[in-house]
Amino acid sequence: MDAELSLIMANVGLARQGSFVLDPFVGTGSFLVTSSHFGAFTMGSDIDGRQIRGKGNNKNIESNAIQYDLTHRILGTVVCDIAHHPWRETEFWDAIICDPPYGVRAGAKKIAVNPKTPPKTSPFNADGSYKLPQTVPYELDDVLTDLIAFAAKHLTPCGRLVYWLPTITESYSAKDVPRHKRLRLVDNCEQDFGKWARRLIVMEKLGAEEPDLDVEAMLVEIEKGIAATKLLDGGAVKVGEDGTVTLIDNPAHRGFRDGYFTSFASTGPSSSD
């Protein structure tokens, strides 16, 4: 992630002295560095431990923390995915700041039994080391649904979720942004790349005494940071048991990876249809 954008995301996530910030797709740890720069205590997790460990020769998250004198604020990392994690079921994180995997460089993965290669009975390798858990492909739509549900459960009241949402320009609609009845949409800023774009989504958890957002409230979107609202049709709204809200059946980020590698030759109906 570009250093300037990382700083912007940490800023809008309200990373500050004494706050606790999580990056659940930590990769090489840029958000840990920038959030800690603002005084936050940070932790990260990732399904791919190789990115966390880096290439050796002091080229990893730990060496970055030492270089920027942030070892007292970057608390550590965990190898897990957003759906299978060790965090307590409590409101702890003041901010979740991340860049979910789009599946462009490598397809996203989550822990699960791969039906094509059933796991062996022993949890150990031949050399006595523990085997890594099996993984299966993790579709972007599912990644975002799990991220929203995780944030609604684990953020402190008024805590913020800040993440990038990739979209296909031709078919994007404001309804594409995944929602939750406990998360207020604060901003939606586009970075345009032509046929596709990514949007910086900023959401804030409701205060402890605030009632859940109703469907009508969720249909009022803030577009590109402009102080104007746009009412949307609520006919396709679906509310899950975990509080996640889907405003459209086929969001523009679904199938993003396939579209990216075919130059978005066929992206379906446009948002004006």
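1. A residue counts as buried when its relative accessible area is under 20%. Keep that cut-off in mind for Phe31, whose relative accessible area is 3%, so Phe31 is buried. Phe31 sits in helix α2, which is a good place to begin a tour of this structure. Please remember throughout that this is a predicted model.

2. Here is the overall picture. The chain contains seven helices and 14 strands. Of its 273 residues, 44% are buried. Now take the contacts with a separation of 6 or more: 71% of them join residues that are 24 or more positions apart. Several examples of such pairs come up below.

3. Back to Phe31: what does Phe31 touch, once residues up to four places away in sequence are not counted? The list is Met1, Ser6, Met9, Asp23, Ile97, Cys98 and Asp99. Try tracing these in the 3D view. A useful distance to look at is the one to Ile96: Phe31 and Ile96 are 65 residues apart in sequence, yet their C-alpha atoms are 9.8 Å apart in space.

4. Next, look at helix α2 as a whole. Is α2 largely enclosed by the rest of the structure, or largely open? Six of its eight residues are buried, so α2 is largely enclosed. The buried ones are Phe31, Leu32, Val33, Thr34, Ser35 and Ser36. As for what surrounds them, these buried residues pack against two helices, α1 and α4 (61-67), and against the strands β1 (20-23), β2 (41-46), β3 (74-79) and β4 (93-98). After α2 comes Gly39, which has a positive phi, near 105°.

5. The partnership of α2 with α1 deserves its own point. Two packed helices are described by the angle between their axes and the distance between the axes. For α1 (residues 3-12) and α2 (residues 30-37), the axes come within 9 Å and cross at roughly 55°. The two helices are therefore oblique to each other. Their crossing is right-handed.

6. Which residues make this meeting of α1 and α2? From α1 come Ala3, Ser6, Leu7, Met9 and Ala10, and from α2 come Ser30, Phe31, Thr34, Ser35 and His37. Sorted by class, the contact has five nonpolar residues, five polar residues and no charged ones. While you look at these positions, a general point may help: an α-helix has 3.6 residues a turn, so residues three or four places apart point the same way.

7. Now for the aromatic rings. A pair of such rings is described by the distance of the centres and the angle of the planes. Searching the whole structure gives five aromatic pairs. One of them is Trp87 with Trp93, an edge-to-face pair with 5.4 Å from centre to centre and 85° between the planes. Trp87 and Trp93 are both buried. Ring pairs also tie Phe20, Phe41, Trp87, Phe92 and Trp93 together in a cluster.

8. Helix α5 (residues 140-154) is where you will find Ile148. Is Ile148 buried or exposed? With a relative accessibility of 1%, Ile148 counts as buried. Leaving aside neighbours within four places in sequence, its contacts are Leu161, Tyr163, Pro178, Arg179, His180, Leu183, Met203 and Thr244. Val245 makes another nice long-range example: Ile148 and Val245 are 97 residues apart in sequence and 9.4 Å apart in space, C-alpha to C-alpha.

9. For a contrast in setting, turn to Gln51 in helix α3 (residues 49-53). Gln51 has a relative accessibility of 36% and counts as partly exposed. When neighbours within four places in sequence are left aside, Gln51 is in contact with Gly27, Thr28 and Asp46. The C-alpha atoms of Gln51 and Gly27 are 5.3 Å apart, although 24 residues separate the two in sequence.

10. Finally, check two backbone angles. Asp69 is not a glycine, but it has a positive phi of about 55°. Asp69 lies in the loop between α4 and β3, and at 56% relative accessibility Asp69 counts as exposed. Cys158 is also a residue other than glycine with a positive phi, near 70°. Cys158 belongs to strand β7 (residues 155-168), and its 42% relative accessibility makes Cys158 partly exposed.

How values were computed
Residues are numbered from 1 along each chain as its sequence is written. This is a predicted model: local features need pLDDT of at least 70, side-chain atom pairs count only at pLDDT 80 or more; totals for chains, interfaces and linings use all residues. Side-chain values use heavy atoms; hydrogens and water are left out. Axes are lines fitted to C-alpha atoms, for helices over the stretch in contact, and angles run from 0 to 180 degrees between N-to-C directions. Helices (H or I, at least four residues) and strands (E, at least two) are DSSP runs, numbered from the N terminus. Angles under 35 degrees count as roughly parallel, over 145 as roughly antiparallel, 65 to 115 as roughly perpendicular and the rest as oblique. A crossing is left-handed if the near helix is turned anticlockwise from the far one by less than a right angle, and right-handed if clockwise. Contact means heavy atoms within 4.5 Å. Ala, Val, Leu, Ile, Met, Phe, Trp, Tyr, Cys and Pro count as nonpolar, Asp, Glu, Lys and Arg as charged, and the others, Gly among them, as polar. Rings of Phe, Tyr and Trp (its six-membered ring) pair if their centres lie within 6.5 Å; planes under 30 degrees apart count as stacked, over 60 as edge-to-face and the rest as tilted. Buried means under 20% relative accessible area, exposed over 50%, partly exposed in between (1.4 Å probe, protein chains only).
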